[in-house]
Amino acid sequence: MTPLQPIRGTGDLIGEDSRRHRHVVETARRIAATYGFDEWATPIFESTSVFSRSLGETSDVVTKEMYSFTDRGGDPITLRPEGTAGVCRALVSNGLTQSLPQKVFYAGPMFRYERPQKGRYRQFHQIGIELIGPAEPLADAEVIACGWSILRALDIAADTVLEINTLGDRESRAGYRAALVAYFADHAGMLSADSRVRLERNPLRILDSKDEGDRRLIAHAPVIGEHLTESARRFYDDVRRLLDRFGVPYRDNPRIVRGLDYYDHTAFEFVTTALGAQGTVLAGGRYNGLVEEMGGPPTPGVGWAAGIERLSMLLAGAPEPAAPVAVIPLGEAAESEAIAVIEALRGAGIRAEMAYRGNLKRRMERANKIGARAAVILGEDELARGVAQVKDLASGSQRECSLDALVASLAEPG
Ligand code: ATP
Ligand code: MG
């Protein structure tokens, strides 16, 4: 039989990959908690309308990338392509729109039908935070600062640059939209087919196109600056002033728009040059219209998501598991006694592995192979005397230790 393969664009997390992944999630969870974010877990599939309504009918995600299917009951279902829509849906379904602010951290798999390549998969994983309730620029700055702190804790902040922009308020965008339509309509012949559709339905979206030809046009497209209302400009100035207070370096990039429809005001990305074309590691913005889309009252929000695979690739390494203690029983009676010994070690938080088979030499080889720091050898003679031989595998020295004192003598230093 031909061996079964994973689906294209999916992968297994094993060994070092798994350790890196977990290091990212655990670090992010810990730092987000210091900023007051609590973890939520929402389902990985939702009614398709949760995403089609909120992400925007012309977004790439909705038009091309969603894993949607009809379930056995005939309901339209989609595997979540991102986390924010589900969190806002959960906020509304759980009646939490009256208990604001809500500060949410999440981590988990997302699904998009994309062309797989380095840093771009069909099942990938994100961490993210959402701060729902506050409309103040301080919330935007704090959310960005939390992302920055996580990158710093992962020791990859120096490899990234924060690029920020504003999409303004509704009024700013109306003027900007008109300017964009005028510009792109003049060059419609040079636009990709996708972007010609966007020109009709959502011209701002063209700015997010990855098409080469589109990108050349976009480079000379009008920027939102001159279309900002007084209050939208002040909001953006405040966000940047507060970022200075948080000590987060940034640079303005008027080309940054978010790929989804629900954003306004602040948009930002932490980008790196270390990953080739897939350079955005963490991206987000303010979404004041989204909760309302989910059937809740008008409720402001701001947040970001980061791709765990991309963050993992930037890591220098991940913490190794603690070196274990190998327990080596010799003979049947010893094996029975070894169970009590090894469970006592584990009960004290010591990583301990049983040597299953072979003579003493083979079992010692195996203990070395798994990187054990010590071997606890239990023979019939030792058992009769209530002791074990403890061999330090780094120094090679061996000593006898009473079973009563074993746990204390093998406790991890520190
Ligand atoms: P891109 O421009 O790279 O397609 P996006 O705008 O679609 O990204 P978001 O929806 O903002 O991405 O998702 C936030 C982050 O999630 C991205 O910055 C990236 O790190 C990660 N990400 C998005 N899509 C994928 C994917 N298919 N595979 C791996 N990581 C991804
Ligand atoms: Mg994308």
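Which elements cover the buried residues of α4? Keep that in mind as you open this predicted model, and let α4 be your starting point.

**Stop 1: helix α4**

Select residues 84-93, the span of α4. This helix is mostly covered, with eight of its 10 residues buried. To colour them, pick T84, A85, G86, V87, C88, R89, A90 and L91. Now show what lies over them: the cover includes β2 (45-47), α2, β5, β6 and α10. That takes care of the opening question.

Step just past the end of the helix and click on G95. Its phi is positive, about 65 degrees.

**Stop 2: along the loop to S99**

Carry on into the loop between α4 and β5, where you will find S99. Is S99 buried or exposed? It falls in between: S99 counts as partly exposed because its relative accessibility is 35%, and the buried class ends under 20%. For a sense of scale, draw a distance from the C-alpha of S99 to that of I132. The viewer should give 10.0 Å, for two residues that are 33 positions apart along the chain.

**Stop 3: the largest nonpolar core**

I132 is also a good handle on the next selection. The largest nonpolar core has 43 residues, and those touching the most other members are L55, C88, I132, L180, F184, L207 and Y287. Show these seven as sticks. The elements that contribute two or more residues to this core are α2 (48-55), α3 (60-65), α4 (84-93), β5 (102-111), β6, α6 (170-186), α8 (212-218) and α10 (290-293). The helix from your first stop returns here, since α4 gives the most, five residues. A second core lies apart from this one; it has 42 residues, including I127, A139, L162 and L311. As background, nonpolar side chains in soluble globular proteins tend to be buried together.

**Stop 4: ligand 1**

Centre the view on ligand 1. It has 15 residues around it, and the nearest are R112, E114, R120, Y121 and R258. By class, the shell is made up of six charged, five nonpolar and four polar residues.

Which backbone atoms should you look for here? Try these three in turn:

- At Y121, a backbone N or O atom sits 2.9 Å from a nitrogen atom of ligand 1.
- At G307, a backbone N or O atom is 3.2 Å from an oxygen atom of the ligand.
- At V281, a polar backbone atom lies 3.4 Å from an oxygen atom of ligand 1.

Switch on a surface and you can see how enclosed the ligand is: the protein covers 91% of the 590 Å² of accessible area that ligand 1 has on its own. Next, colour β6 (123-132), β10 (280-286) and β11 (301-307), the elements that each give two or more residues to the shell. Of the elements, β10 supplies the largest share, three residues.

**Stop 5: Q278, in the loop before β10**

Move to the loop between β9 (264-272) and β10 and select Q278. Q278 counts as buried because its relative accessibility is 8%. Its side chain makes a polar contact with the side chain of Q117, at 3.3 Å. Beyond its sequence neighbours up to four places away, Q278 touches Q117, K118, G119, R120 and R310. You have met R120 already, among the residues that come nearest to ligand 1.

**Stop 6: T272 in β9**

Go back to strand β9 and click on T272. T272 is buried, with a relative accessible area of 7%. What does its side chain reach? There are two backbone atoms to display: the oxygen of D159, at 3.0 Å, and the nitrogen of A274, also at 3.0 Å. Setting aside neighbours within four places in sequence, the contacts of T272 are D159, T160, G279, V281 and L314. V281 is familiar from the ligand stop, where its backbone lies 3.4 Å from a ligand oxygen.

**Stop 7: I342 in α12**

For the last selection, choose helix α12 (residues 332-347) and find I342 within it. I342 is buried, at 2% relative accessible area. Its contacts, leaving out neighbours within four places in sequence, are V327, A352, E353 and M354. Finally, zoom out and draw a line from the C-alpha of I342 to that of P203: the two are 65 Å apart in space and 139 residues apart in sequence.

How values were computed:
Residues are numbered from 1 along each chain as its sequence is written. Chains are lettered from A and ligands numbered from 1 in the order in which they are written. This is a predicted model: local features need pLDDT of at least 70, side-chain atom pairs count only at pLDDT 80 or more; totals for chains, interfaces and linings use all residues. Side-chain values use heavy atoms; hydrogens and water are left out. A residue is near a molecule or strand if one of its heavy atoms lies within 4 Å of it. A polar contact is a pair of N or O atoms within 3.5 Å; within protein, one must be able to donate a hydrogen and the other to accept it, and residues adjacent in sequence count only if both atoms are side-chain atoms. Accessible areas come from the Shrake-Rupley method with a 1.4 Å probe; for residues, only the protein chains shown count as cover. Helices (H or I, at least four residues) and strands (E, at least two) are DSSP runs, numbered from the N terminus. Ala, Val, Leu, Ile, Met, Phe, Trp, Tyr, Cys and Pro count as nonpolar, Asp, Glu, Lys and Arg as charged, and the others, Gly among them, as polar. A nonpolar core is a set of buried Ala, Val, Leu, Ile, Met, Phe, Trp, Tyr and Cys residues joined through side-chain atoms within 4.5 Å. Buried means under 20% relative accessible area, exposed over 50%, partly exposed in between (1.4 Å probe, protein chains only). Contact means heavy atoms within 4.5 Å.
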